[in-house]
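Okay, thanks for having me today. I'd like to walk you through one protein, starting from a single residue and working outwards.

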Amino acid sequence: MPIAAPAQDTPYIAEPWRYGRNDDKNTLRYCIDPRDSEWKIAQDIAQQIAAALLLEPAPKMIEDKRVTAGWDVLYTHLLTDCDVYFGFKLIPGVYPGWVTLTRPYYASTYVFAVTDPSWQSLADIPPDRPIATAIGTSADFSFIKYLQTLPPARQWPRFPMGTNEDALAALSKGTAAAALVWGPAVWAAKEANPAYADLRLIAPDPLPPTTLNMGAAMLGNQSFLRSNVDRAISELTADGTIAAILKDHAFPAEPVP
């Protein structure tokens, strides 16, 4: 889920007593967010988690079209629509105390996407060529810090973009020579738009790769459910189910042991 606002106390919701827990103990209610580039994979994993828990899957497809949303939106969904919300980067220190996160079900990386066939790594890009970056990401922060260590003549112009999609569009239009984006966003762009078929991924050298784990969110008081979902993820990782899902989609991620 795209979150814009910083972490905060439990959001205010009018008449919260109107929202109770899931009364159907035979179902797993979960939210899938089509705004996330990897939602199809999250959907398959969620179905397998429900099966592992011997529960009937009860998916809720989020229809919100906003690019980003606040914590109050997540809180409302977890009260009204689902017990588990898939598609969260497991970044330490970001989430408020009323949120609990599952163990990761896969890990992926931020990548440099280009169209020039001669470049094999970041170091090959001429320093006068601009690089579009999706702002506010761990990879963007690392890139900024690296630029600050370089003399001005060797610093690539950085074009900050609001989303991965914006950065890829700048690359496609020739406004930028490369795009620093979440790897699954490149996968989704290629799946949806033939114009991105020629995108190539190059090594981040001399930068180290930025890898993040993905998991699901739920309310902090759902400790029993979280432990069961974590157990299911562990089992699906161990038996190769998650690896098979990633392979079937040719998805750029790896299970987390």
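**Starting at Val181**

So, let's begin with Val181, which lies in strand 8. Keep in mind as we go that this is a predicted model. Is Val181 buried or exposed? It's buried, and its relative accessible area is 0%. If you skip the neighbours within four places in sequence, Val181 is in contact with Thr109, Tyr110, Val111, Asn164, Ala167, Leu168 and Val186. There's also a spacing you can check on screen: from the C-alpha of Val181 to the C-alpha of Met161 is 9.9 Å, and those two are 20 residues apart along the chain.

One of those partners, Val186, takes us to helix 5, residues 183-192, where Val186 is among the buried residues. The others on that list are Gly183, Pro184, Ala185, Trp187 and Ala189. What covers them? The cover includes helix 1, strand 5, helix 4, strand 8 and strand 9.

Let me zoom out for a second. The protein has seven helices and 10 strands. There are 257 residues, and 49% of them count as buried. Now take the contacts between residues at least 6 apart in sequence: 79% of these join residues at least 24 apart.

Okay, on to the aromatics. How many aromatic pairs do we get? The count comes to 14. Let's look at Phe86 with Tyr105: that pair is tilted, with 5.8 Å from centre to centre and 35° between the planes. Phe86 sits in strand 3, while Tyr105 is in the loop between strand 4 and strand 5, so the pair ties together parts that are 19 residues apart in sequence. Phe86 counts as buried, because its relative accessibility is 2% and the cut-off is under 20%. Tyr105 is buried too, at 0%.

Compare that with Phe88 and Tyr95, where the pair is edge-to-face: 6.1 Å centre to centre and 65° between the planes. Both of these residues are buried.

Some of the rings join up further. Ring pairs link Tyr30, Phe86, Tyr105, Tyr106, Trp187 and Phe251 into a cluster. You'll recognise Trp187 there from the buried residues of helix 5.

And while we're on rings, have a look at Trp182. Lys89 lies over the face of that ring, 4.6 Å from its centre.

Next, a pair of helices. You describe two packed helices by the angle between their axes and the distance between the axes. For helix 1, residues 39-52, and helix 6, residues 223-238, the angle is about 105° and the axes are 9 Å apart. The two helices are therefore roughly perpendicular to each other. Which residues meet there? From helix 1 you have Gln48, Ile49 and Ala52, and they meet Val229, Ala232, Ile233, Glu235 and Leu236 of helix 6. By type, the residues of this contact are six nonpolar, one polar and one charged.

Last stop: Pro206, in the loop between strand 9 and strand 10. Buried, exposed or partly exposed? Pro206 counts as partly exposed, with 48% relative accessibility. Leaving out residues up to four places away in sequence, Pro206 touches Leu122, Ala123 and Tyr146. Pro206 and Leu122 are 84 residues apart along the chain, yet their C-alpha atoms are separated by 7.1 Å.

That's my tour, so let's go back to the picture and talk.

Notes:
Residues numbered from 1 in each chain as written. Predicted model: local features only at pLDDT ≥ 70, side-chain atom pairs only at ≥ 80, totals over all residues. Heavy atoms only, no water. Axes fitted to C-alpha atoms, helices over the stretch in contact; angles between N-to-C directions. Helix = DSSP H or I, 4+ residues; strand = E, 2+ residues; numbered from the N terminus. Parallel < 35°, antiparallel > 145°, perpendicular 65-115°, else oblique. Contact = heavy atoms within 4.5 Å. Nonpolar A, V, L, I, M, F, W, Y, C, P; charged D, E, K, R; others polar. Phe/Tyr/Trp six-rings, centres within 6.5 Å; stacked < 30°, edge-to-face > 60°. Buried < 20%, exposed > 50% of the residue type's maximum accessible area, 1.4 Å probe, protein only. Lys NZ or Arg CZ within 6 Å of the ring centre and 35° of its normal.
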